[in-house]
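Me: I'd like to learn how to read a structure like this one, feature by feature. Can you walk me through it?

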Amino acid sequence: MKNIIIFGLGGFAEIVYMYFKQNPSFNVVAFTANESAIKENDLFGLPVVPFENIETVYPPTKFQMFIAIGYSNMNKKRARVFDEAKSKGYELTSYIHSSTIINDGFVMGENCFIFENNVLQPYVTLGNNVVIWTGNVISHHTVIKDHCFIISHVAIAGNVVVEPFCFLGINSTVRNRITIARECVIGAGAVILENTKEKEVYVSRSTTKLDITSDMLKNL
Ligand SMILES: CC(C)(COP(=O)(O)OP(=O)(O)OC[C@H]1O[C@@H](n2cnc3c(N)ncnc32)[C@H](O)[C@@H]1OP(=O)(O)O)[C@@H](O)C(=O)NCCC(=O)NCCS
């Protein structure tokens with residue numbers, strides 16, 4: 001069983017705490033955050049310890065950490081705390097929900113969190129600090145590099161490379177043999193058929209609204 005400290009006190013930290021709690025391989029012992037962000041000394045009945053001196057209370061020789069910070073500032077905040085925790089000597093744990101399908105040739109770095117019902121085909125590689133939310137398909141030989149965040153029902157075809165710090169929004173699609181350059185935002189429902197350039201933002205059109213009301217439909 002791994003004894004873990006969760007960095008973060010927000011919604012993502014609350015969610016990962018629930019998932020860790022349901023898995024007997026993990027034992028969450030405390031939360032941590034920068035001292036200036038701490039308002040209460042406990043969360044879910046566990047101590048909240050300032051990150052600045054966490055190693056004196058929970059030494060990295062005995063405890064692992066998970067950095068539960070979302071995609072704000074293009075994942076840069078999560079990356080910064082990842083580096084700070086590594087320089088304190090912590091091993092950053094990764095989590096894969098039991099319903100997710102993993103195949104041969106799968107490689108994953110530290111501080112990854114993979115939620116339920118994902119399909120990761122053979123030879124998928126995830127770097128460090130990658131979050132894969134619920135129900136995505138990541139096809140064979142695809143590489144998702146450090147600090148990326150993939151929201152739900154994203155379809156990534158085979159041999160795709162997603163460079164660091166990207167955000168792929170809900171229900172987006174990436175065709176095979178595409179490279180998504182670093183720090184791109186692929187908006188909800190966007191369809192990417194060509195390589196992208198650094199820091200580009202892609203959005204899809206909202207669905208067309210008919211100029212009638214629902215009580216005017218004749219066959220529903
Ligand atoms: C692409 C996306 C990130 C843009 O986010 P946003 O919050 O709308 O962005 P902003 O409000 O900062 O918009 C920035 C600019 O882009 C423009 N813009 C945003 N979406 C646009 C669209 N679909 N078409 C045209 N322009 C658009 C805005 O009008 C704004 O322009 P302005 O500065 O001139 O006013 C968002 O549409 C999206 O797809 N998010 C992912 C949703 C998701 O998966 N969420 C899961 C969370 S659990």
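Reply: Sure, and let's begin with accessibility. A residue under 20% relative accessible area is called buried, one over 50% is exposed, and anything in between is partly exposed. Keep in mind that this is a predicted model. Take Tyr123: its relative accessibility is 45%, so it counts as partly exposed.

Me: Where is Tyr123, and what is the sign of its phi?

Reply: Tyr123 sits in the loop between strand S10 (119–120) and strand S11 (125–126). Its phi is positive, about 65°, although Tyr123 is not a glycine. His141 is another residue to look at: its phi is near 60°, again a positive value in a residue other than glycine. You'll find His141 in the loop between strand S13 (137–138) and S14. His141 has 39% relative accessibility, so it counts as partly exposed.

Me: Let me zoom out for a second. How many helices and strands does the protein have, and what share of its residues count as buried?

Reply: The protein has 3 helices and 23 strands. Of its 220 residues, 45% count as buried. The C-alpha trace spans about 65 × 45 × 30 Å along its principal axes. As for surface, the protein exposes about 11300 Å², and carbon and sulfur atoms supply 52% of that. You can also ask how far along the chain the contacts reach: among those between residues at least 6 apart in sequence, 30% join residues at least 24 apart.

Me: Okay, now a single residue. Is Val81 buried or exposed, and which residues does it touch?

Reply: Val81 has a relative accessible area of 0%, so it is buried. It belongs to helix H3 (residues 76–87). Leaving out residues up to four places away in sequence, Val81 touches Phe7, Phe51, Ile67 and Ile69. Look at Phe7 in that list: Val81 and Phe7 are 74 residues apart in sequence, yet 8.5 Å apart in space, C-alpha to C-alpha.

Me: What about histidines? Where does His147 sit, and which side chain does it have a polar contact with?

Reply: With a histidine, check burial and polar partners together. His147 is in the loop between strand S14 (143–144) and strand S15 (149–150). At 9% relative accessibility, under the 20% cut-off, His147 counts as buried. Its side chain makes a polar contact of 2.9 Å with the side chain of Asn129. Beyond four places in sequence, the residues His147 touches include Asn75, Arg78, Phe82 and Phe165.

His97 gives you a second case. It is in the loop between S6 and strand S7 (101–102), and its relative accessible area of 16% makes it buried. The side chains of His97 and Ser99 are joined by a polar contact of 2.8 Å. Not counting residues up to four places away, His97 touches Tyr19, Ile114, Phe115 and Glu116.

Me: How many aromatic pairs are there, and how do I read one?

Reply: A search of the whole structure turns up 23 aromatic pairs. For each, read the centre-to-centre distance and the angle between the planes. Tyr58 and Phe63 are edge-to-face, with centres 5.0 Å apart and 85° between the planes. Both of these residues are buried. Tyr95 and Phe113, on the other hand, are stacked: 4.4 Å centre to centre and 15° between the planes. Tyr95 is in strand S6 (residues 95–96) and Phe113 in strand S9 (residues 113–114), so this pair ties together parts 18 residues apart in sequence. Tyr95 counts as buried at 3% relative accessibility, and Phe113 is buried at 0%. Ring pairs also link residues into a cluster, with Tyr95, Phe113, Trp133 and Phe167 among its members.

Me: Last one: the ligand. Which residues surround it, and how many of the shell are charged?

Reply: List the neighbours, sort them by class, then look for polar contacts. The residues around the ligand are Tyr71, Ile151, Phe167, Gly169, Ile170, Val185, Gly187, Ala188, Val203 and Ser204. By class, that shell holds 7 nonpolar, 3 polar and no charged residues. A backbone N or O atom of Ile170 lies 2.7 Å from an oxygen atom of the ligand. Ala188 also has a polar backbone atom 2.7 Å from a ligand oxygen atom. Taken alone the ligand exposes 950 Å², of which the protein buries 30%.

Note on methods. Residues numbered from 1 in each chain as written. Predicted model: local features only at pLDDT ≥ 70, side-chain atom pairs only at ≥ 80, totals over all residues. Heavy atoms only, no water. Helix = DSSP H or I, 4+ residues; strand = E, 2+ residues; numbered from the N terminus. Buried < 20%, exposed > 50% of the residue type's maximum accessible area, 1.4 Å probe, protein only. Contact = heavy atoms within 4.5 Å. Near = heavy atom within 4 Å. Polar contact = N/O pair within 3.5 Å; in protein donor to acceptor, adjacent residues only side chain to side chain. Areas by Shrake-Rupley, 256 points an atom, 1.4 Å probe, with all protein chains shown as cover. Nonpolar A, V, L, I, M, F, W, Y, C, P; charged D, E, K, R; others polar. Phe/Tyr/Trp six-rings, centres within 6.5 Å; stacked < 30°, edge-to-face > 60°.
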